[in-house]
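Reader: I should be grateful for a close look at the packing of the helices in this protein, followed along the chain to the strands and loops. Please state the cut-off behind each term as it arises.

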Amino acid sequence: MRKLLNTIYITNELAYLSLEGEDLVCKIEGADKIRLPFDNIENIVCFNYNGCSPAVMGKCVSKSVPINFISPQGKFLAKVCGETKGNVFLRVAQIDKFREDAITLTQNTMAAKFSNTRQLIRRSLHDSPEMREDEEILSVVDVLSAGIDKVYNAESIEEIIGIEGNCAKYYFSIFGKLIKNNKVSFGFQFRSKRPPLDPVNAVLSFVYTLATSEFAAALETVGLDSYIGFCHALRSGRSSLACDLVEETRCIVERFVLTLLNLQILNESDFEKQVSGAVWLNEDGRKKVLSRWQEKKRTDFMHPYLKQKIPMGLLMYVQSNLLAKYIRGELDEYPCFLLR
């Protein structure tokens with residue numbers, strides 16, 4: 001159980017929430033682990049199987065505190081709340097803020113993405129001294145650095161997207177070199193999305209999808225509309241805002257995929273090739289990736305803005321909460337996620 005930005009996150013899958021007087025009590029196997037007064041709670045997000053008592057749900061309704069149920073794998077299940085009093089105003093504010101500050105938000109998001117990608121490459125160079133003199137890799141680091149300056153000089157979102165596309169092209173031109181295990185039987189030449197044309201692209205696409213769906217669930221818990229974004233164009237059925245926020249955390253997905261490959265957790269038997277040329281993870285491959293992804297989400301790291309350790313799986317919830325606070329005017333600027 002963690003309290004971040006007045007939101008309670010129940011991360012232990014065996015936890016059960018009950019009400020005692022004016023206190024929220026978290027129990028694990030019948031024993032009290034922590035109790036908090038309801039007065040300072042704004043939101044509750046449960047990743048547990050056991051859920052909570054009807055008394056807790058009733059208290060949440062009376063206090064206008066949403067309680068969200070998320071599967072341990074990150075899928076949004078349901079929300080319990082009382083009469084809608086705030087979300088409609090938050091969503092109106094979301095639309096107004098995105099119309100007003102779309103370029104600034106896009107600039108900051110893409111600059112964070114380029115910075116995080118640069119940090120990922122530098123970490124790979126730190127771990128592999130033999131790669132530090134690779135001129136092609138070093139030139140990509142320069143392109144990403146220049147991209148940060150360029151996005152802040154851009155005058156339209158379309159121009160920023162063009163800069164992002166160019167940086168991505170250079171980055172993925174050297175991504176295969178970051179797969180350092182020579183025993184990996186498949187390589188990487190270029191990024192192919194719909195459909196992925198090789199095993200590396202198949203894993204990238206699969207984990208990007210996982211991360212985007214988790215951001216969509218997180219946005220739902222704070223009352224934001226995941227279909228209304230500031231950078232990605234509106235499209236029926238697409239969570240544009242989730243796609244926007246996942247940009248700054250793609251580095252986590254890419255580092256995770258590189259780890260799977262460099263440790264040879266995945267091999268050729270985990271993929272299947274379609275007649276069309278598309279390559280997908282098969283059932284065994286998906287199980288491997290999902291298992292490792294769940295392990296990854298349990299690891300703690302220091303959040304650069306909160307200055308406290310949180311599980312990686314709560315990152316999208318923290319970022320969604322920070323964005324909601326920015327939209328409500330509680331923060332002067334939305335703090336994008338930056339690798340340190």
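Author: The account below begins with one helix pair and proceeds from there to a second pair, the strands and selected loops.

The model is predicted, so local features are described at pLDDT of at least 70 and side-chain atom pairs at pLDDT 80 or more, whereas totals for chains, interfaces and linings use all residues. Residues are numbered from 1 along each chain as its sequence is written, and side-chain values use heavy atoms, with hydrogens and water left out.

Helices and strands are DSSP runs numbered from the N terminus, helices being H or I of at least four residues and strands E of at least two. The axes of α3 (residues 135-153) and α4 come within 9 Å and cross at roughly 170 degrees; axes are lines fitted to C-alpha atoms, for helices over the stretch in contact, and angles between N-to-C directions run from 0 to 180 degrees. The two helices, α3 and α4, are therefore roughly antiparallel to each other. In this scheme, angles under 35 degrees count as roughly parallel, over 145 as roughly antiparallel, 65 to 115 as roughly perpendicular, and the rest as oblique.

On the α3 side, the contact is made by Glu136, Val140, Val143, Leu144, Gly147, Lys150 and Val151, and on the α4 side by Ile160, Ile163, Cys167, Tyr170, Tyr171 and Ser173; contact means heavy atoms within 4.5 Å. By class, the residues of this contact are 9 nonpolar, 2 polar and 2 charged. Here Ala, Val, Leu, Ile, Met, Phe, Trp, Tyr, Cys and Pro count as nonpolar, Asp, Glu, Lys and Arg as charged, and the others, Gly among them, as polar.

Ile163 deserves separate attention. This residue is found in α4, which spans residues 157-173. Ile163 counts as buried, at 13% relative accessibility; buried means under 20% relative accessible area, exposed over 50%, and partly exposed in between, with a 1.4 Å probe and protein chains only. Apart from neighbours within four places in sequence, Ile163 is in contact with Phe114, Gly147, Lys150, Val151 and Ala154.

Beyond α4, Pro195 lies in the loop that leads from α4 to α5. The peptide bond from Arg194 to Pro195 is cis, with omega near 0 degrees. Most residues other than glycine have a negative phi, and most peptide bonds are trans.

The second helix pair is formed by α5 (residues 199-221) and α8 (residues 283-298), which pack at an angle of about 45 degrees with their axes 11 Å apart. That angle makes α5 oblique to α8. Their crossing is right-handed, meaning that the near helix is turned clockwise from the far one by less than a right angle, while an anticlockwise turn would be left-handed. From α5, the contact involves Val203, Phe206, Val207, Leu210, Ala211 and Glu214, and from α8 it involves Arg286, Val289, Leu290, Trp293 and Lys297. The contact of α5 with α8 has 8 nonpolar, no polar and 3 charged residues.

Turning to the strands, an open sheet of 3 strands has the order β3-β4-β5 with antiparallel pairing; two strands pair if DSSP finds at least two bridges between them. The edges are occupied by β3 (15-20) and β5 (31-37), each with a single partner strand, so one side of each has no neighbour in the sheet. Strand β4 (residues 23-28) and β5 are joined in the antiparallel sense over 6 bridges, and Lys27 has Asp32 of β5 as its bridge partner. Helix α1 (residues 54-62) lies across β3 and β4 and runs at about 65 degrees to β3.

Ser53 is placed in the loop between β6 (43-46) and α1. With 10% relative accessibility, Ser53 counts as buried, and Ser53 touches Tyr16, Leu17, Ser18 and Leu19 when residues up to four places away in sequence are not counted. Strand β6 runs parallel to β2, to which 4 bridges join it, and the bridge partner of Thr7 in β6 is Asn43. From β2 (residues 7-10), Thr7 and Tyr9 point one way and Ile8 and Ile10 the other, and all are buried.

Two further loops contain a residue with positive phi. Gln264, in the loop between α7 (250-262) and β9 (271-273), has a phi of about 55 degrees although it is not a glycine, and Gln264 is partly exposed at 38% relative accessible area. Lys307, in the loop between β11 (300-302) and β12 (309-311), has a positive phi of about 60 degrees and counts as exposed at 62% relative accessibility.
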